Structures are given as structure tokens and as C-alpha cells.
Amino acid sequence: MQPLTPAGLTELKLKANDVRQGIIRALLAAGSGHSAGPLDMSDVFTALYGYLMRHDPAKPDWPQRDRLILSCGHIAPVRYSAMANFGYFPLDELLTLRKFGTRLQGHPERVRLPAVETTSGPLGEGLAQAVGMALGAKMDGKDFRLWVVTSDAEHQCGLHWEAVLTGAKFALDNVTAIVDRNFIQIDGSTEDVMPLEPLVEKYRAFNWEVFECDGNDIAAFIETAARATQTVGKPQVIVAHTVPGKGVSYMEGDYTWHGKAPNAQQAEEALRELTAARERIASDG
Amino acid sequence: MASGTNVFDDAARAMHLVDYLGAELKQIPTRNGFGEGVIEAGSRDRNVLGICADLSESTRFEGFKKAHPGQYVELGVSEQMLVAMAGGLAAVGKIPWIASYAMFNPGRSWEQVRTIMALNETNVKIAGAHAGVSVGPDGATHQAIEDIAIMRVIPHMTVVVPCDAVQTKKATLALSAAWGPAYLRFGREKSAVVTTGETPFEIGKAQTFREGRDVAIVACGILVYNALLAADRLAREAGIECAVVNNHTVKPMDEAAIVDAARACGAIVTVEEHQKHAGMGSRVAEILAQRLPVPIEMVGVDDTFGQSGDPAELIEFYGMGVASIEAAVRRAHRRKKPPLRL
């Protein structure tokens with residue numbers, strides 16, 4: 001991995017801003033969908049596509065590619081926007097989100113858009129599939145990595161913890177899971193709906209190597225992920241602390257934005273804020 | 001067939017069946033056929049994996065584990081994981097066979113089966129063991145009698161219910177070689193072996209095991225043998241000549257064979273170790289209602305749960321014994337339209 005230069009970091013911050021703007025445009029065009037999660041994971045997805053992952057947008061089926069498994073399929077807009085912004089398909093296609101005939105289904109389908117790796121939406125299933133891919137890679141001596149993005153609320157699913165057990169059993173150090181720890185879910189705070197804390201200790205008790213960082217700080221996330229992937233003999237999890245709706249002031253921290261899309265006026269306001277933020281990044285780094 | 005000059009022997013001979021009316025039929029559990037088949041599949045293709053959820057002996061995975069230790073994965077009691085992880089393995093080129101009791105997989109794992117195997121189109125094969133009430137003493141919690149229904153309703157899924165151990169082995173090999181998500185259903189108890197190594201087997205192709213013009217019995221699984229016995233008794237005691245169709249592939253069903261049987265006989269009896277609701281027989285009824293309506297009688301479990309007991313005793317009690325099939329044939333025969341009189 002090349003060292004991250006200040007110029008490279010600025011480039012990534014600009015990309016993350018582009019990803020957020022793509023999310024808002026896609027959600028506005030769709031008229032429905034999830035806002036808070038995609039916005040708060042924009043920095044992580046930018047770090048993955050723009051720096052951490054071994055991939056080639058021109059060769060989505062490249063056998064040696066790292067696989068990015070999006071377990072919480074409802075935040076698909078961030079994945080689609082990141083893919084478009086990193087060259088997998090034209091930016092305009094984002095405006096087909098959730099529309100009839102689109103490759104950008106409301107929840108991602110691999111058969112329609114191969115580079116999404118799995119079909120997701122029903123929660124708690126991504127890590128389990130990644131564990132299967134990781135074991136298959138080990139069996140065949142392949143060195144690609146499985147990056148798995150999970151929501152915090154899907155840690156309420158039993159299957160996710162079956163996958164955590166299994167990852168530890170097979171010492172799958174080629175798996176790096178990321179928890180979008182934004183503390184919100186449809187019905188409110190995760191800690192009110194069904195408490196997850198102490199989450200870090202839970203993973204440690206399951207024999208995973210655990211890391212924590214600010215999931216909205218690209219440099220911190222990259223530094224943490226780079227350390228995590230040095231781990232030998234254990235799967236790793238990065239608990240990425242994020243602010244739901246990050247980047248759009250009126251959405252930040254408000255769980256009611258979990259599952260709805262902005263209207264025209266709200267989208268305009270969001271894009272104005274993001275454009276201003278982009279100018280600041282370009283001038284200040 | 002040992003001997004015979006009548007037309008019924010021709011079908012049996014063409015299918016290379018054993019003399020199923022003879023006294024000494026081999027009794028082998030269908031699960032043993034899976035166990036043998038999956039070992040051979042694993043030798044033919046090293047990408048074939050065996051994945052189990054703490055039931056390696058009873059699902060007959062033990063031989064595979066010994067023969068192919070590098071291709072065997074033990075997951076413990078986690079049936080949803082079984083499906084999801086197999087989906088991941090298939091995504092990187094493996095051909096996983098996942099085995100548990102049918103009640104738990106697909107019983108517990110249905111949404112994963114739908115999303116990860118079928119919607120996501122992965123090459124995962126489910127071995128559903130201990131299906132039917134013939135599991136016996138374990139009782140209703142372990143008796144899968146709804147599994148055909150929940151699997152046949154899923155797009156892209158292949159569903160196969162072989163009639164004996166020899167056919168189960170062939171089905172295991174055929175499904176291993178055919179790309180796509182699939183469900184193979186089999187049972188625990190010893191059951192009569194009526195087919196031989198020479199009996200043909202093709203996914204999606206129903207087989208006529210006995211010819212007859214009065215009523216067609218369309219059966220799957222171990223009850224095909226009961227259907228053959230019932231047909232013989234009806235011929236001898238009532239002069240009713242039944243065709244017997246081994247309808248081993250519930251999905252995609254051999255529609256042409258079903259319509260042909262209905263046209264030839266004018267009445268159908270379906271026989272399965274499953275709920276009458278939404279099972280193999282219901283699919284037969286769906287096809288015939290749309291293409292060639294004829295009287296249909298169904299043999300199966302009638303909207304109730306099983307219980308502990310001796311397997312044979314339970315088959316009788318829940319209306320799937322030879323006498324029950326005979327009675328259903330007589331009802332169907334009575335309901336046939338009389339010939340036109342001018």
C-alpha cells in the first residue's frame with residue numbers, strides 16, 4: 001500500500017463529498033430510500049474504493065479482487081454512489097435508483113449488478129457469506145480480502161453471531177468487518193430498542209481482533225484498517241463510530257432519517273451545504 | 001421382473017426395476033444413497049464440499065468426512081449459517097452440499113435459502129434428511145412434512161425426492177453436476193429398493209414404473225413402493241389397472257408426463273409423505289387444472305402434525321399406507337366420467 005500523502009487525503013475527502021452528493025441526487029430521483037446510513041458511511045466507502053481495496057472498475061469479475069460485502073443492503077445508495085464515482089458505471093445511472101428496470105435495485109442484487117458481490121437487504125447475512133468466501137479463498141490459497149460493512153442494528157440478528165463464531169473457528173484473518181456504529185435504527189436508538197453494548201467486549205470474547213476509530217475521519221479509518229489487516233490468525237472488526245446523516249446538518253444525529261429520502265427542497269439544501277463543504281476542502285485540504 | 005407376459009411388466013423391464021413383488025427386496029435407507037453419492041461426487045470434482053450442522057452421522061456425511069477431509073466443513077448447530085456460508089463458498093467456485101434434517105434446513109433457514117441461494121443464484125445443494133413422518137420416534141418437531149411446499153414455491157430451485165436409496169445416489173450425482181440451487185429430500189428409515197443401477201435417472205423426467213389405463217398413481221419418495229403394491233392389489237382384487245409414475249422431480253415438474261398420464265387414465269391419485277397442502281400432489285393439481293382437468297385424489301398428511309411412533313405405524317395412521325392408496329384409487333376411479341353413450 002502506498003503511503004497516504006496530504007494531497008491524496010484531500011483527494012479522498014473530495015471524493016467522499018462527491019459520493020454524498022451522488023447519494024442525495026439518487027435519493028431525490030428515487031423519492032424513497034435510506035439517507036442517514038449512506039451519508040455516514042461515505043467516508044468509509046471512499047477509503048475502501050479509493051485506497052484500501054485491491055480492485056479494478058474495468059474488471060468487476062477479476063478473480064483476485066478484494067470483495068466488499070455490504071451486509072446492510074438498505075444503505076445501497078452509498079455503495080452505488082461510490083461505485084459510480086470510482087468508475088464502475090456512469091454517474092447518471094445513479095438517477096435510476098429504485099426505478100423499474102434499474103440495475104440499482106432498492107436493495108442490491110448481484111445478478112443485476114455483479115460487482116455488488118451478494119444480494120442483501122435481509123439483515124445479518126453478509127458476514128456469514130463473507131466467511132464462506134474467505135474460507136474458500138483459504139482452501140484455494142488465494143490472497144484476496146473480504147471487507148464486510150455491517151450496520152450496528154444487524155448485530156441483533158442471531159445469524160450474524162453464528163458468522164462471528166465461525167470466522168473465529170477458521171481463523172479467517174482475511175476477513176475485515178466494519179461496524180457502522182451510528183446508534184440508530186428504524187424504531188430509535190439501538191440502546192433503547194435492543195442494547196448492543198458492550199459491543200467491543202462482545203467481539204473480543206468471540207476471539208476477534210477489535211479496533212475502533214472515527215468512521216467519519218478518512219485518515220483515521222485508513223490508519224486503523226491498515227493496522228487491522230496486519231492481524232494474523234484472527235478475523236478483525238473495526239467499530240467505526242459515525243454520525244448518522246453526516247454531512248447534512250439537518251439530518252445529523254436524527255434517527256428519523258434512517259429510512260426516508262429528502263424532498264426537493266431538502267435535497268437542494270443538502271446539496272448547497274455539501275457544495276460549500278467541498279469548496280472548503282478544496283481550499284483548506 | 002422375474003417373469004410375466006402382461007403389459008405391466010414391460011414398464012418395469014424398461015425401467016430395469018427389481019422384482020418388487022418378490023419376497024426379498026433390499027431394505028436400505030435413502031440417506032445411505034446420499035452418503036454414497038456425495039463421496040463419489042467429491043471424488044469426481046474436488047470443488048464439491050460437504051458442510052454439516054452437527055449431524056454428520058445421521059445425514060450420512062461421515063463417509064465423505066473420512067474420504068475427503070479437506071473438503072469437509074463442520075459448522076455446529078447453525079442452520080442459517082449453513083446456507084449463508086455455503087452461498088459464500090459457491091460465490092468463489094465451490095459446490096457445497098449442506099446437510100441437516102429437513103425440518104431445520106430448509107425449515108429454519110428458508111429466508112436465507114430464498115435470498116442467498118435462489119435470488120442470488122448460487123450453486124448450493126441442500127440435503128434434507130429425516131423428511132416425513134417416517135422419522136418415527138423423534139416426533140412431530142423433527143418430522144418435516146412441509147418442506148416440499150416451501151421449496152417448490154421458490155423460483156430457480158430444483159426439488160428432487162427420489163424413490164429409494166439407489167435413486168438417491170444417482171440424484172446426488174446428477175445434482176452435483178448440474179449448475180444451480182437444489183433441494184434433495186430423503187428419509188431416515190430403511191425402505192424398499194425397487195430400482196437398480198441400470199434404471200435411468202434424469203432430473204425433471206418422470207418415470208413410468210407400471211402401466212395401466214384406469215387410474216394413474218403419481219408418487220414420489222419412498223411411497224412409490226407402496227403405490228406399486230397398491231396397484232398390484234387393485235389389479236388382482238378389483239380389476240383396476242393403475243399406471244404408477246415415479247414423479248421424483250417436484251420442480252421443475254415433468255408436465256408432459258403428468259398430462260399424458262391424465263389423458264391416458266382419466267383420473268389421478270397423488271402420493272407423497274408430506275402435507276397434501278402445497279406439496280407434490282398440489283403441483284400436479286395445478287398443472288391439470290390448467291391443462292387437462294380430471295378427478296384427482298391426494299394421499300398425504302391431511303393438515304395435521306405427526307407424533308412419536310413406529311415409522312410404519314405412522315405411515316398407516318396418517319393415511320399413506322397401501323390400503324389408503326387403494327381406497328384413494330377406488331374413489332378416483334368412481335369419479336371418472338362414464339364413457340359417452342349415444
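**View 1. Strands β3 and β7 of chain A, side by side.** In this predicted model, strand β3 of chain A covers residues 175-181, and its pairing with strand β7 of chain A (residues 236-241) is parallel, running over six bridges. For a spot to rest your eye on, try Arg181(A), which has His241(A) of β7(A) standing opposite. Now widen the view to the open sheet that holds this pair: five strands of chain A in the order β1-β2-β3-β7-β6, with parallel pairing. At the edges you'll find β1 (67-70) and β6 (209-214) of chain A, each pairing on one side only. Going from one strand to the next, the twist averages 20 degrees.

**View 2. A closer look at Phe86(A).** Phe86(A) sits in the loop that runs between α4 (76-85) and α5 (126-139) of chain A. Is Phe86(A) buried or exposed? Partly exposed, because 19 C-beta neighbours fall inside 10 Å of Phe86(A), and being buried takes 20 or more. Setting aside residues up to four places away in sequence, Phe86(A) touches Tyr49(A), Gly50(A) and Pro57(A). Val193(A) is another story: 107 residues separate Val193(A) from Phe86(A) along the chain, and their C-alpha atoms are 36 Å apart.

**View 3. Where chain B meets chain A.** Here 21 residues of chain B are in contact with 20 residues of chain A. On the chain B side, α4 (79-91) and α5 (110-119) each supply at least two residues. Which element gives the largest share of the side of chain B that touches chain A? That's α4(B), with nine residues. Sorted by class, this side of chain B has 10 nonpolar, eight polar and three charged residues.

**View 4. Chain B as a whole.** Step back for a moment and you can pick out 12 helices and 14 strands in chain B. Its radius of gyration is 19 Å, close to the 20 Å that the globule rule gives for 342 residues, so chain B is as compact as a globular protein of that length. Along the principal axes, the C-alpha atoms of chain B fill a box of roughly 70 × 40 × 35 Å. Of the 342 residues in chain B, 60% are buried. Look at contacts in chain B between residues at least 6 apart in sequence, and 79% of them turn out to join residues at least 24 apart.

**View 5. The two domains of chain B.** The domain assignment splits chain B into domain 1, made of 7-23 + 199-335, and domain 2, made of 27-192. How far apart are the C-alpha centres of domain 1 and domain 2 of chain B? They lie 25 Å apart. Between the two, 31 residues of domain 1 of chain B are in contact with 32 residues of domain 2 of chain B. On the domain 1 side, α8 (223-238), β12 (249-251), β13, α10 and α11 (311-317) of chain B each supply at least two residues. By class, the residues on that side of domain 1 of chain B come out as 15 nonpolar, 12 polar and four charged.

**View 6. The mixed sheet of chain B and its helices.** Follow the strands across this open sheet of chain B and you read β9-β11-β10-β13-β14, five strands with mixed pairing. Why do β9 (207-210) and β14 (296-301) of chain B each have one side left without a neighbour in the sheet? They stand at the edges, each with a single partner strand, so one side stays free of a neighbour in the sheet. The twist averages 25 degrees from one strand to the next. Within the sheet, β10 (residues 215-219) and β11 (residues 242-246) of chain B pair in the parallel sense over five bridges, and Ile217(B) has Val244(B) as its bridge partner in β11(B). Helix α9 (residues 255-265) of chain B packs on the sheet, touching β10, β11 and β13 (268-275) of chain B, and its direction makes about 155 degrees with that of β10(B). Helix α10 (residues 280-291) of chain B packs on the sheet too, touching β10, β13 and β14 of chain B, with its direction at about 145 degrees to that of β13(B).

**View 7. Ile150(B) and its contacts.** Ile150(B) belongs to helix α6 (residues 147-152) of chain B. With 19 other C-beta atoms within 10 Å, Ile150(B) is partly exposed. Leaving aside neighbours within four places in sequence, Ile150(B) is in contact with Pro106(B) and Trp110(B). Gly279(B) is 129 residues away from Ile150(B) along the chain, yet their C-alpha atoms are separated by 8.7 Å.

Key
Residues are numbered from 1 along each chain as its sequence is written. Chains are lettered from A and ligands numbered from 1 in the order in which they are written. This is a predicted model: local features need pLDDT of at least 70, side-chain atom pairs count only at pLDDT 80 or more; totals for chains, interfaces and linings use all residues. Two strands pair if DSSP finds at least two bridges between them. Helices (H or I, at least four residues) and strands (E, at least two) are DSSP runs, numbered from the N terminus. Axes are lines fitted to C-alpha atoms, for helices over the stretch in contact, and angles run from 0 to 180 degrees between N-to-C directions. Two residues are in contact if their C-beta atoms, placed from the backbone, lie within 7 Å. A residue is buried if 20 or more other C-beta atoms lie within 10 Å of its own, exposed if 12 or fewer, and partly exposed in between; C-beta atoms are placed from the backbone. Domain bounds come from an automatic or database domain assignment. Ala, Val, Leu, Ile, Met, Phe, Trp, Tyr, Cys and Pro count as nonpolar, Asp, Glu, Lys and Arg as charged, and the others, Gly among them, as polar. The radius of gyration is taken over C-alpha atoms; the globule rule is 2.2 Å times the number of residues to the power 0.38.
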